[in-house]
Amino acid sequence: MAKFTPDPVPVYTEEWKKNPDAEMIVFCGREMLLRAQQDKFSFPRAAELDSLNLSTALSIGFRNGTPCFAVEVPSVPDELSDGMRKVEVRLAVGHLDADAFSAGCRAKELLHWRRQHRFCGRCGKELGESPDDVALVCPFCGERFYPQLAPAVIVAVTRGDEILLAHNRKFLPGIHGLIAGFVEAGESIEEAIHREILEETGITVGNIRYLSSQCWPFPNSLMLGFTAEYLSGEAKPDGMELDALGWFRADALPPIPPPGSIARKIIEEFKRKHTKPCREAGQQS
Ligand SMILES: [Zn+2]
C-alpha cells in the first residue's frame, strides 16, 4: 500500500531540481496545481513545472520513496501542460489517495506555518530553520517555534434513527453538516463537545463515543469525530453560526458536505448503519 513518510526536518531547498520525478505540491491562493485523470488527482512531477520558474521548495517527506516538495506561487500561467489543472483545494481533497491526502495536508499546514512565523514573537528577529527537527529557531534569543494544530470536535448527534444536521452560514446553500467547533483553551474534548452542542443547538447529549480523526488543513485543524446521543432540550439553530437545523432519517437526508471531509464519512456511516440491506426487506438468496 502506498505510504507517505514525513520529512522530520523540513527545509526550503533546491534539491527538487535534481530529481525530475520529485512530486511537487503547488498551491496558488485557494487552488492547487494537480494532474487529473478522470476523477483522481495526483501531484505533478518536478520535470513538468519548468514554466513556473520555481527556486526553493519546502521538503515535506516521501511518498513510496519519491521525495515530495511544497511551494506557494503567486500565479500560474494560463497555458498548462496536458492533463494539468488548477483545482480548488477544498474540492481536491476528495479526489486524492489517502497517502497523497496526508502529503497535501502536511504541505499546506507547513507552508501556512512558515508564512505566519517569519519573525520571532518574543524579540522580533528573523527566524532560522532548526537543523534537527520541525522547528523555527530565533538566532538572537533562542526561542523555538513549532507548527501548531487547532483541535476541533465534530459530532454526529443521534436521536433513535435520526441524526441532527445543520446548515452553517459558511456552507453553500442547502448543505447540511454535523455540529462542530474548536476546542477552547483550558477545555477537555468532552467539555468542548457539550459546550459546542449546547451553544449552537440548545440541546444536551450523552454517551459520547470517539469515531475517528482527520487532518483538515484550513488552515491547521485536526478534526476529532464523535457520536453522541440526544438527551434533552429542543434543537434550535443559534442564529449566529447555524441558521437551520433538523433531525433527519437515513432515507431522507438533505444535501451533505462533499467527499473528502470527515463530516461526509461520518454521515455516510450513519446512513449505512440505518439503511436496511435489500435482502432483509425481501427474500434471502
Ligand atoms: Zn527571539
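**Loops, cores and backbone oddities in a predicted model**

With just 8 C-beta neighbours inside 10 Å, Asn53 counts as exposed. The model is a predicted one, and in it Asn53 sits in the loop between β5 (40–42) and β6 (57–63). Its backbone is a bit unusual too: phi of Asn53 is positive, at about 50°, although the residue is not a glycine. Most residues other than glycine have a negative phi, and most peptide bonds are trans. Asn207 also goes against that habit, with a positive phi near 50°. Asn207, however, is found in strand β15, and it counts as exposed because it has 10 C-beta neighbours inside 10 Å.

The peptide bonds have their own exception. The one from Phe218 to Pro219 is cis, with omega near 0°, and Pro219 lies in the loop between β15 and β16.

Turning to the interior, the largest nonpolar core has 31 residues, and those with the most contacts inside it are Val153, Ile154, Val155, Val157, Leu178 and Ile179. Two or more residues each come from β12, β13, β14 (179–182), α3 (189–201), β15 (204–216), β16 (221–232), β17 (242–249) and α4 (262–274). Strand β12 chips in the largest share, six residues. Take Val155: leaving aside residues up to four places away in sequence, it touches Leu178, Ile179, Ile193, Ile197, Phe226 and Ala228. There is also a second, separate core of 28 residues, with Leu58, Phe69, Ala70 and Val93 among its members.

Helix α2 covers residues 98–116, which makes 19 residues, and it reaches 27 Å from its first C-alpha to its last, close to the 27 Å expected at 1.5 Å a residue. Its buried residues are Ala100, Ser102, Ala103, Gly104, Cys105, Arg106, Ala107, Lys108, Glu109, Leu110 and Leu111.

Two more loop residues round out the picture. Val76 is placed in the loop between β7 (66–72) and β8 (84–88). With 18 C-beta neighbours inside 10 Å, Val76 counts as partly exposed, since being buried takes 20 or more. Not counting residues up to four places away in sequence, Val76 touches Cys28, Leu33, Leu52 and Lys86. Its C-alpha is separated by 43 Å from that of Ala250, which is 174 residues apart from it along the chain. Gly160, in turn, lies in the loop between β12 (150–159) and β13 (162–168). This glycine has 10 C-beta neighbours inside 10 Å and so counts as exposed. Gly160 and Trp216 are 56 residues apart along the chain, and 30 Å separates their C-alpha atoms.

Key. Residues are numbered from 1 along each chain as its sequence is written. This is a predicted model: local features need pLDDT of at least 70, side-chain atom pairs count only at pLDDT 80 or more; totals for chains, interfaces and linings use all residues. Helices (H or I, at least four residues) and strands (E, at least two) are DSSP runs, numbered from the N terminus. A residue is buried if 20 or more other C-beta atoms lie within 10 Å of its own, exposed if 12 or fewer, and partly exposed in between; C-beta atoms are placed from the backbone. Two residues are in contact if their C-beta atoms, placed from the backbone, lie within 7 Å. A nonpolar core is a set of buried Ala, Val, Leu, Ile, Met, Phe, Trp, Tyr and Cys residues joined through C-beta atoms within 7 Å. The expected span of a helix is 1.5 Å times one less than its number of residues.
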